[in-house]
Amino acid sequence: KPAAKVIDPAAPSTTVALNLADVEDMRHQLDAIATDVVNYQCDVSIQVPRTQDYPWLATLLTKRVKRIDSGYDLKIHRQILKHIPAQVVLIPRKAD
């Protein structure tokens with residue numbers, strides 16, 4: 001398995017704060033997140049303060065995951081949390 005880019009493979013979940021203010025930086029973050037999602041078979045929870053932030057973040061992440069593995073069964077959960085900055089929580093699926 002390749003080295004993780006953003007997640008701690010030993011932890012039950014990893015939270016990554018997204019830099020919405022810097023789109024270029026956020027794109028790099030999403031690239032790294034998508035790589036780990038596929039390599040470590042993660043479920044994803046996108047937590048955003050505003051409902052309208054969710055659809056485009058989900059789309060950007062989905063496109064990146066599909067580019068890496070078109071058959072990957074991506075599960076994204078939406079959470080609207082008014083008092084936190086946008087973040088992504090990655091939960092590696094337990095190996096059977």
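Read from the N terminus, the chain follows the order β-α-β-α-β-β, with two helices and four strands in total. The model described here is predicted, and every value below is computed from it.

The overall dimensions make a good place to start. The C-alpha atoms occupy a box of roughly 35 × 25 × 20 Å along the principal axes. A compact globule of 96 residues would have a radius of gyration near 12 Å, and the 13 Å found for the chain agrees with this. The accessible surface of the chain amounts to about 5600 Å², and carbon and sulfur atoms account for 53% of that area. Buried residues make up 40% of the 96 residues. Contacts also reach across the sequence: among those between residues at least 6 apart, 79% join residues at least 24 apart.

Turning to the interior, the largest nonpolar core holds 24 residues, and Leu18, Ile33, Val37, Val44, Ile46, Val65 and Leu90 are the members that touch the most others. Two or more residues of this core come from each of helix H1 (23-39), strand E2 (42-48), helix H2 (53-68) and strand E4 (87-92). H1 provides the largest share, six residues. Such an arrangement fits a familiar pattern: nonpolar side chains tend to be buried together in soluble globular proteins. Ile33 offers a helpful view into this core. Leaving aside residues up to four places away in sequence, Ile33 touches Val6, Val16, Leu18, Leu61, Val88 and Leu90.

Leu90 leads on to Pro12, a residue in the segment before strand E1 (14-17). Pro12 touches Leu90, Ile91 and Pro92, again with residues up to four places away in sequence not counted. Pro12 and Pro92 are 80 residues apart along the chain, yet their C-alpha atoms are separated by 6.9 Å. Even with these contacts, Pro12 counts as exposed because its relative accessibility is 61%, above the 50% cut-off.

Strand E3 (residues 76-80) includes Ile76. With residues up to four places away in sequence set aside, the contacts of Ile76 are Val44, Ile46, Tyr54, Ala58 and Thr62. Two of these partners, Val44 and Ile46, are also listed among the core members that touch the most others. Ile76 has a relative accessibility of 23% and therefore counts as partly exposed, since buried residues must fall under 20%. The C-alpha atoms of Ile76 and Val38, which are 38 residues apart along the chain, are separated by 13 Å.

Tyr54, one of the residues touched by Ile76, also takes part in an arrangement with a charged side chain. The charged end of Arg78 sits over the Tyr54 ring, at 5.7 Å from the ring centre. Aromatic pairs, by contrast, number zero.

One backbone feature rounds off the description. Most residues other than glycine have a negative phi. Gln41, although not a glycine, has a positive phi of about 50°. Gln41 lies in the loop between H1 and E2, two elements that each give two or more residues to the largest nonpolar core. With a relative accessible area of 36%, Gln41 is partly exposed.

Methods:
Residues numbered from 1 in each chain as written. Predicted model: local features only at pLDDT ≥ 70, side-chain atom pairs only at ≥ 80, totals over all residues. Heavy atoms only, no water. Phe/Tyr/Trp six-rings, centres within 6.5 Å; stacked < 30°, edge-to-face > 60°. Lys NZ or Arg CZ within 6 Å of the ring centre and 35° of its normal. Rg over C-alpha atoms; globule rule 2.2 N^0.38 Å. Buried < 20%, exposed > 50% of the residue type's maximum accessible area, 1.4 Å probe, protein only. Contact = heavy atoms within 4.5 Å. Areas by Shrake-Rupley, 256 points an atom, 1.4 Å probe, with all protein chains shown as cover. Core = buried A, V, L, I, M, F, W, Y, C linked by side-chain atoms within 4.5 Å.
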